Amino acid sequence: MKKKVERDLTKDFVKLDLTQDLKELGVLLGSHRTALGIRQDDLARFLGISRITLSRIENNRLPLSMELFLRIAAVLELRPEYLLRELARVTQRKWSSKGED
């Protein structure tokens with residue numbers, strides 16, 4: 001019985017598409033960057049990526065890798081857990097407004 005439950009959970013997890021949430025995370029990071037007064041050019045240079053790539057991440061056009069997420073969080077001096085909770089709050093509000101609980 002336990003193995004069947006584990007297989008079902010694994011199957012559901014594989015179907016889970018987090019691409020949109022990861023894009024939303026980029027938007028959230030961009031908001032924090034702006035609030036801290038850090039320019040895109042400066043952050044991109046520090047991270048070793050182009051300003052265009054950072055812009056695409058922050059404008060919901062390019063998904064964010066976990067590695068880059070952690071690096072940006074460290075540079076912005078924000079705990080990844082805080083950002084993920086904030087993301088959950090933002091996406092839950094969007095789902096609730098669509099009637100999806």
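Which residue follows helix 3, and what is the sign of its phi? The residue that follows helix 3 is G48, and its phi is positive, near 80°. I will come back to positive phi values towards the end. Before that, a word on what we are looking at.

This is a predicted model. The protein chain has 101 residues, and buried residues make up 30% of them. There are six helices and zero strands, so from the N terminus on the order of elements reads α-α-α-α-α-α. The accessible surface comes to about 7,300 Å², with 56% of that surface belonging to carbon and sulfur atoms. As for contacts, take those between residues at least 6 apart in sequence: 62% of them join residues at least 24 apart.

Now helix 3, which covers residues 40–47. Its buried residues include Q40, L43, A44 and L47. These four sit on the same side of helix 3, because the arc they cover around the axis is only 100°. The general background is that an α-helix has 3.6 residues a turn, so residues three or four places apart point the same way. On the other side of helix 3 we find R45 and F46, and both are exposed.

Helix 3 packs against helix 4. Two packed helices are described by the angle between their axes and the distance between the axes. For helix 3 and helix 4 the angle is about 110°, and the axes are 8 Å apart. Angles from 65 to 115 degrees count as roughly perpendicular, and helix 3 and helix 4 are therefore roughly perpendicular to each other. From helix 3, the contact is made by Q40, D41, L43 and A44. From helix 4, the residues making the contact are R51, L54, S55 and E58.

Two of those helix 4 residues deserve a slide each. Start with E58. Helix 4 runs over residues 51–58, and E58 is found in it. Is E58 buried or exposed? The relative accessibility of E58 is 10%, and the cut-off for buried is under 20%, so E58 counts as buried. Its side chain is joined to the side chain of Q40 by a polar contact of 2.8 Å. Leaving out residues up to four places away in sequence, E58 touches G26, V27, G30, R33 and Q40.

The second is S55, also placed in helix 4. S55 has a relative accessible area of 13%, so it is buried. Leaving aside neighbours within four places in sequence, S55 is in contact with Q40 and R61. Q40 therefore turns up in the contacts of S55 as well as in those of E58.

V27 was on the list for E58, and it belongs to helix 2, residues 19–35. V27 counts as partly exposed, at 29% relative accessibility. Its own contacts, again not counting residues up to four places away in sequence, are I57, E58, N59 and N60. There is also a pairing over a longer stretch of chain: V27 and L87 are 60 residues apart along the chain, and their C-alpha atoms are separated by 9.6 Å.

N60, one of the residues V27 touches, is in the loop between helix 4 and helix 5. N60 counts as partly exposed at 27% relative accessibility. Its phi is near 65°, which is a positive value in a residue other than glycine.

On to helix 5, residues 66–75. Which residues of helix 5 are buried? They are L68, F69, I72 and A73. These residues cover an arc of only 135° around the axis, which puts them on the same side of helix 5. The face turned away from that buried side carries the exposed residues M66, E67 and A74.

Last, back to backbone angles. Just after helix 5 comes E77, with a positive phi of about 55°. E77 is a residue other than glycine, and it lies in the loop between helix 5 and helix 6, the latter being residues 80–97. At 72% relative accessibility, E77 counts as exposed.

So the positive phi values I have shown are at G48 after helix 3, at N60 in the loop between helix 4 and helix 5, and at E77 just after helix 5.

Definitions and conventions
Residues are numbered from 1 along each chain as its sequence is written. This is a predicted model: local features need pLDDT of at least 70, side-chain atom pairs count only at pLDDT 80 or more; totals for chains, interfaces and linings use all residues. Side-chain values use heavy atoms; hydrogens and water are left out. Helices (H or I, at least four residues) and strands (E, at least two) are DSSP runs, numbered from the N terminus. Buried means under 20% relative accessible area, exposed over 50%, partly exposed in between (1.4 Å probe, protein chains only). A polar contact is a pair of N or O atoms within 3.5 Å; within protein, one must be able to donate a hydrogen and the other to accept it, and residues adjacent in sequence count only if both atoms are side-chain atoms. Contact means heavy atoms within 4.5 Å. Accessible areas come from the Shrake-Rupley method with a 1.4 Å probe; for residues, only the protein chains shown count as cover. The arc is that of the directions from the helix axis to the C-beta atoms. Axes are lines fitted to C-alpha atoms, for helices over the stretch in contact, and angles run from 0 to 180 degrees between N-to-C directions. Angles under 35 degrees count as roughly parallel, over 145 as roughly antiparallel, 65 to 115 as roughly perpendicular and the rest as oblique.
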